[in-house]
Every structure is written in structure tokens, then in C-alpha cells.
Amino acid sequence: EKMSNRNNNIRTSITLIAVCMTLLIGCKKKETEIQYPRNVDFYIRYLSDGNQFKSLCKVSFADSLAVGETDTTNYNITIGGKDMKQLVAPSGNKNYSLQTNLPYNSDYTINIANPQGKIITQATKLPGIDSVKTEKEISLSKGTTIEYSGKPLSADETIIIMIIGKGSKSSSSTIQGPTTDNRLLLKPENLTMLEAGPVDLYLVRTFNQDAVNENMNFYFRNEFFTKTYKINLVK
């Protein structure tokens, strides 16, 4: 009878071990199959002077255990059909970059292929400005109104008026969308840091977009720079 009880105990132990092993293997398999959420910080900049296009991207973990830490997985990322170059920092962190001369496009498609080869496609926009109409001379004490051609601003957009003067002195004024027309007011208080004389003026139109696509949280910060306009500030 003792031998029988012993054999029963052994059989029970083996069964428990087998069940535990099955559960552990199953859990491990499920864990490896989980696609944790990622934050994809994307930056697009287009300079009208010289048709210069630049894009930067960083992929980081978005789960609570490693939020903000750079994902060191290898991704294949393209924008507008062009491959982004992978840049590896000494720390091992990976970023992606593309810098080239491209004609302007108001819409771009991003493709991200994960290590398993699955492609996630995400669209974004880069609203532009066709041309800028401004006075050749602007009074420091009165300011002026600037007109641009292009659609009025949406709620996700801003226009920054940038003026670069002598000695690298600069001034900026930001107009937040939405707007109903294409007129920008440059106030005298935005010119107090500048001196009379020749300056460079250009507009920067920004577009911000947040989008969730499968397990990727996209954060776009896109910037369109107009051509530089030579004007003169007077007292």
C-alpha cells in the first residue's frame, strides 16, 4: 500500500510539473508575440530656398515599464518612397534621418516595416505657402500686415513670422490657427529687439498631428519654410 501511495505521489508530481511547464511555455510564447506600443516621433522640414528636405524619426517604447526609452529594434522606414538612413549613437540608441533636395509635396506617406516584415502605413501633411506679399519698408513703431497665398490655418497649424537682423538679432511672432484669411499682423512690440536697417524675413508654417496606427503612436511636427524676403526696417 505504501508503494502504491508513493507511485501515486510520483505520478501526481510529474503531472503538476508537466502542467507548469506547459503554462510557462505558453506564457513565454504569448509574451514574445506581444507587440508593445511604440511612440514614433516624426519631424519633417522643407526649406523653399534650395528645395531642401529633411526628416528625422525616433521610435521609443510607450509601455509603462520603459516609457521614453529608445527602441533599439531595426526598422525599415521610408517617407515619400525614399529610405531613411539609420543612425546609431554611441549609446546604442537608433534614429532615422533623410536629407535631400526634393520638390515640395503637401502630402507624404510613411511606411514602417518591423523586424517581422509587417508594414504600417501612415499619411501626414505638410501645408505650404505659395508666396508672401510684404512691404519693402516696415516701420519699427507701426508694424505691418503681411499677406500670404495658400489656405488659411487649421486648428493644428501655426505660422511663425521670423525676422533676422544685424548681429544675428532676431524676432519672431506666432499666429495660431484656425484663421479665416491670409493676413498676418506684425505688431510693433514684436520688433523691439531689432534695429533699423536691412533684414531677412520668412514665414514658417507648422503642422502638428497625433495619430494611432495599430501599435504605433505617431507624433508629427512638420515645418514649411518660405523663401527669404529682403526688407528694410525704418524708424
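**Close-up 1. T158 stands opposite T206 in strand β15.** Welcome to this predicted model, which we enter through one facing pair of threonines. The partner strand here, β15, spans residues 197-213, and it pairs with strand β12 in the antiparallel sense over eight bridges. Strand β12 itself takes in residues 157-164, and six of its eight residues are buried, leaving the strand mostly covered. If you like to think in terms of bonds, strands of a sheet pair through backbone hydrogen bonds, either parallel or antiparallel.

**Close-up 2. Strand β12 also pairs with β13, and a hairpin joins the two.** Seven bridges link β12 to strand β13, residues 170-176, and the two run antiparallel. Look for I161, which has S173 of β13 standing opposite. Between the strands of this hairpin there are five residues. Do check the backbone of G167 in the hairpin: its phi is positive, near 60 degrees.

**Close-up 3. S173 sits within strand β13.** Is this serine buried or exposed? With a relative accessible area of 9%, S173 falls under the 20% limit and is therefore buried. Its side chain makes a polar contact with the side chain of N190, at 3.4 Å. Setting aside neighbours within four places in sequence, the contacts of S173 are I159, I160, I161, L185, L186 and N190.

**Close-up 4. Strands β9, β11 and β14 form an open sheet.** The order is β9-β11-β14, with antiparallel pairing. At the edges lie β9 (131-133) and β14 (183-186), each of which pairs on one side only. Neighbouring strands of this sheet are turned by 25 degrees against each other on average, with direction ignored. Strand β11, residues 144-149, shares four bridges with β14. In that pairing, I146 stands opposite L184 of β14.

**Close-up 5. The largest nonpolar core has 44 residues.** Which of its members touch the most others? They are F42, I77, I79, I161 and L203. A second, separate core of five residues includes M162, Y202, V204 and F225. Zooming in on F42, and not counting residues up to four places away in sequence, we find that it touches S55, L56, C57, I77, I79, M84, I110, Y219, F220, R221 and N222. As background, in soluble globular proteins nonpolar side chains tend to be buried together.

**Close-up 6. V59 belongs to strand β2.** This strand covers residues 52-61. The relative accessibility of V59 is 2%, under the 20% limit, so V59 counts as buried. How far is V59 from T73, in sequence and in space? The two are 14 residues apart in sequence, and their C-alpha atoms are 8.9 Å apart. Without residues up to four places away in sequence, V59 touches R38, N39, V40, T70, D71 and Y75.

**Overview. The chain contains one helix and 17 strands.** To place the close-ups, step back to the whole chain of 235 residues, of which 38% count as buried. Among contacts between residues at least 6 apart in sequence, 61% join residues at least 24 apart. The accessible surface comes to about 14,000 Å², and carbon and sulfur atoms account for 53% of that area.

Notes: Residues numbered from 1 in each chain as written. Predicted model: local features only at pLDDT ≥ 70, side-chain atom pairs only at ≥ 80, totals over all residues. Heavy atoms only, no water. Buried < 20%, exposed > 50% of the residue type's maximum accessible area, 1.4 Å probe, protein only. Pairing = 2+ DSSP bridges. Axes fitted to C-alpha atoms, helices over the stretch in contact; angles between N-to-C directions. Contact = heavy atoms within 4.5 Å. Areas by Shrake-Rupley, 256 points an atom, 1.4 Å probe, with all protein chains shown as cover. Polar contact = N/O pair within 3.5 Å; in protein donor to acceptor, adjacent residues only side chain to side chain. Core = buried A, V, L, I, M, F, W, Y, C linked by side-chain atoms within 4.5 Å.
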